[in-house]
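Please load the model in your viewer and keep the selection panel at hand. The tour below proceeds from a whole chain to a single residue.

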Amino acid sequence: MQLRMRLNGAALRAAMLAFLLANVPASWAHKVHVFAVGEGKSISGYAYFSGGSRVRRMPVKVFTTDGRVVGETTTDDKGEFRFEIPGPADYRLVLETPDGHRAETTVPADDFAPEEEDRPAPAPPAPAPERCLQEAELEKVIDHCLTRRLRTIEERLDRYEQKVRLHDVIGGIGYIFGVFGLLALVQSKRTRSAASPPGE
Amino acid sequence: MHIAEGLLSGTVLGAGWAVTAAGTAAGLRRMTPEDVPRTATLASAFFVASLVHVPLGISSAHLILNGLMGVILGVRAFPAMLVALFLQAVLFQFGGLSTLGVNTADMALPAVLCAAAMRRWIRRASPGQSFVPGFVVGAASVALAGICTASALGLSGRDFRQAGTLIFAAHIPIMVVEGLVTGAAVVFLKRVRPELPGDAGDTSRFEKEAG
């Protein structure tokens with residue numbers, strides 16, 4: 001009878017754990033992330049929870065890498081934001097929500113265009129332009145297209161890195177049982193050495 | 001809830017560690033080898049439960065299960081949550097390491113206190129009647145954990161009301177779900193292992209039964 005009740009308890013616990021584990025691949029850790037890329041004269045990006053839903057209407061602060069505040073922006077209803085930068089440099093973006101979430105990301109100076117006049121619309125090659133002007137326009141066009149293409153890849157990479165992996169969860173559970181198992185070992189040695197005389 | 005690094009003041013962090021240290025010491029002192037499988041399983045459930053998250057409005061929430069741990073483990077919930085939160089911080093960067101003290105305290109202390117407050121009612125009630133105090137423990141533990149989190153943020157110079165409303169609103173459905181889960185669990189345990197929900201972790205009870 002005792003054994004049956006103990007097995008029932010164990011079965012319940014196992015079922016609970018199995019149910020929770022089954023949900024891990026579908027939902028994920030509770031953390032907030034910021035994704036941002038630089039292009040031209042601005043930084044654009046979005047903020048999201050690990051589950052994928054966007055962080056809406058939250059402040060994002062922009063700093064230089066030596067800690068000076070450059071400005072602040074807010075995510076819109078789609079979790080997206082855009083920020084005009086004073087010049088190409090490394091920037092650090094920090095998102096803080098009032099309920100205790102914090103995320104950071106950096107945008108390298110390489111992302112931005114070198115200081116020049118505004119990008120003109122890509123035009124077909126004119127019959128007699130100077131060579132260097134043509135090259136410069138071409139570079140801008142290529143840069144713009146590449147940024148657009150790479151952005152999707154960068155987003156996927158960012159999300160991949162943040163994913164909670166099942167083997168990490170299983171590892172964590174293993175550690176938990178290990179720690180408590182060691183604790184039990186220590187405890188049982190202690191009670192055995194301090195064994196009270198019979199009749200107490 | 002899981003507060004990230006760099007948001008809390010030193011005093012709040014210190015206070016959190018003090019509470020967690022005291023609770024963990026008390027929990028470890030009351031732990032017998034018999035308690036260990038149960039503690040480890042609940043710590044694992046707590047570890048995994050926080051990973052199942054539900055987007056709600058502009059925030060998101062996850063199952064906490066602190067009420068259930070308070071009822072079944074009593075003050076031993078402190079070491080259980082500490083270990084689970086530590087692993088979450090290390091493996092998933094879910095919450096910071098310096099904030100481990102505060103994060104453990106704001107989830108464990110409400111659970112232990114609510115469970116202690118309802119203990120006599122649970123112990124005296126019949127299995128069916130024990131659903132109500134179980135529900136109260138489950139829901140109240142989540143609510144108080146939210147208030148403690150908002151307080152920690154507020155005392156560190158952040159906007160308490162904004163944090164509190166955001167956290168509270170996001171967790172109302174969680175409070176209901178956890179109330180139901182804890183209530184059901186208490187009813188089940190009263191039927192199967194009646195001494196369990198009323199156990200505050202006082203080992204002398206086991207020695208009396210054995211002797």
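Select chain A and display it as a cartoon: three helices and seven strands make up its secondary structure in this predicted model. Colour the elements from the N terminus onward, and the order reads α-β-β-β-β-β-β-β-α-α.

Next, keep chain A selected and add a surface. Its accessible area is about 12700 Å², with carbon and sulfur atoms contributing 57%. Of the 200 residues in chain A, 33% count as buried. If contacts are drawn for chain A between residues at least 6 apart in sequence, 52% of them connect residues at least 24 apart.

Now recolour chain A by pLDDT. The average is 77, and 69% of the residues score at least 70. Then select residues 23-29 of chain A, where the pLDDT is below 50. Beyond near neighbours in sequence, this stretch has 19 contacts in the model.

Move to chain B and select residues 100-124, which form helix 5. Within this helix, centre the view on Gly101(B). Is Gly101(B) buried or exposed? Gly101(B) counts as buried because its relative accessibility is 0%, under the 20% cut-off.

Which residues does Gly101(B) touch, leaving aside those up to four places away in sequence? Select Gly16(B), Trp17(B) and Thr20(B) to show these contacts.

Finally, add Leu166(B) to the view and draw a distance between its C-alpha atom and that of Gly101(B): the separation is 22 Å. Along the chain, Gly101(B) and Leu166(B) are 65 residues apart.

How values were computed: Residues are numbered from 1 along each chain as its sequence is written. Chains are lettered from A and ligands numbered from 1 in the order in which they are written. This is a predicted model: local features need pLDDT of at least 70, side-chain atom pairs count only at pLDDT 80 or more; totals for chains, interfaces and linings use all residues. Side-chain values use heavy atoms; hydrogens and water are left out. Helices (H or I, at least four residues) and strands (E, at least two) are DSSP runs, numbered from the N terminus. Buried means under 20% relative accessible area, exposed over 50%, partly exposed in between (1.4 Å probe, protein chains only). Contact means heavy atoms within 4.5 Å. Accessible areas come from the Shrake-Rupley method with a 1.4 Å probe; for residues, only the protein chains shown count as cover. pLDDT is the predictor's confidence in each residue, from 0 to 100.
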